[in-house]
Amino acid sequence: MTSVWENLTVDALDPSRLAHWWAEALGYQVISEKPDEVEIRRSPGELPGIVFVPVTAPKEGKNRLHIDLRPADQEAEVERLVDMGARHVDIDQGEVGWTVLADPEGNEFCVLRSRDDG
């Protein structure tokens, strides 16, 4: 017997704000918004979702888990996400083919090159 991946849960100082930011970034929908959790998915019936839950302490240190995005145009996507409020971060990644950004609460994620770019 195996498990089904239901959600990825993200701690957030402002779950609603961060959920709406990620929904816009990914082209997802907010499917549930309660005081103790906000869930986004590509569509209401499609798993997995991302659930944002409230915490009182800000994020400290590098993420142990992060999301990798693979857009058709890396440069344009990085620009779009930065315009939305993401910021460039250095996590000692060195010279790599992806760009490391952080969302508005400091959670790192990577924007990869398109598969066509090698």
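What follows is a chat about the fold, the aromatic cluster and a few selected residues of this predicted model.

Student: Before we start, what kind of model is this, and how are residues numbered?

Tutor: This is a predicted model, in which local features need pLDDT of at least 70 and side-chain atom pairs count only at pLDDT 80 or more, while totals for chains, interfaces and linings use all residues. Residues are numbered from 1 along each chain as its sequence is written, and side-chain values use heavy atoms, with hydrogens and water left out.

Student: How many helices and strands does the protein chain have?

Tutor: The protein chain has 2 helices and 8 strands, where helices (H or I, at least four residues) and strands (E, at least two) are DSSP runs numbered from the N terminus. Read from the N terminus, the order of the elements is β-α-β-β-β-β-α-β-β-β.

Student: And what does the radius of gyration come to, set against a compact globule?

Tutor: The protein chain has 15 Å, which agrees with the value near 13 Å for a compact globule of 118 residues; the radius is taken over C-alpha atoms, and the globule rule is 2.2 Å times the number of residues to the power 0.38. Along the principal axes, the C-alpha atoms fill a box of roughly 40 × 35 × 35 Å.

Student: What share of the residues is buried?

Tutor: Of the 118 residues, 36% count as buried, a term that means under 20% relative accessible area, with exposed being over 50% and partly exposed in between (1.4 Å probe, protein chains only).

Student: Switching to aromatics: how many aromatic pairs are there?

Tutor: A search of the whole structure finds 3 aromatic pairs. Rings of Phe, Tyr and Trp (its six-membered ring) pair if their centres lie within 6.5 Å, and planes under 30 degrees apart count as stacked, over 60 as edge-to-face and the rest as tilted. One of them joins Trp21 and Trp22, whose ring centres are 5.1 Å apart with planes at 80°, so this pair is edge-to-face.

Student: Are those two tryptophans buried or exposed?

Tutor: Trp21 is buried, with a relative accessible area of 8%, and Trp22 is buried too, at 5%.

Student: Which cluster do the ring pairs make?

Tutor: Ring pairs link Trp21, Trp22 and Phe109 into a cluster. The ring centres of Trp22 and Phe109 are 4.9 Å apart and their planes lie at 70°, so that pair is edge-to-face. The pair links distant parts of the chain, with Trp22 in helix H1 (residues 15–26) and Phe109 in strand E8 (residues 108–111), 87 residues apart. Phe109 is buried, at a relative accessible area of 1%.

Student: What does Asp103 touch?

Tutor: Leaving out residues up to four places away in sequence, Asp103 touches Leu18, Trp21, Trp22 and Phe109, contact meaning heavy atoms within 4.5 Å. Asp103 lies in the loop between strand E7 (99–102) and E8, and at 1% relative accessibility this aspartate counts as buried. Its C-alpha is 4.7 Å from that of Ala86, with the two positions 17 residues apart in sequence numbering.

Student: Where is Val111, and what is it in contact with?

Tutor: Val111 lies in strand E8 and is buried, with a relative accessible area of 0%. Beyond its neighbours within four places in sequence, its contacts include Leu69, Pro71, Leu81 and Trp98.

Student: What about Val53 and Lys34, buried or partly exposed?

Tutor: Val53, in strand E4, is buried at 18% relative accessible area, whereas Lys34, in strand E2 (residues 29–34), is partly exposed at 44%. Their C-alpha atoms are 9.5 Å apart, and the two residues are 19 apart in sequence. The residues that Val53 touches, not counting those up to four places away in sequence, include Thr9, Val10 and Asp36.

Student: Where is the cis peptide bond?

Tutor: A cis peptide bond joins Leu47 and Pro48, with omega at about -5°, and Pro48 sits in the loop between strand E3 (37–41) and strand E4 (49–54).
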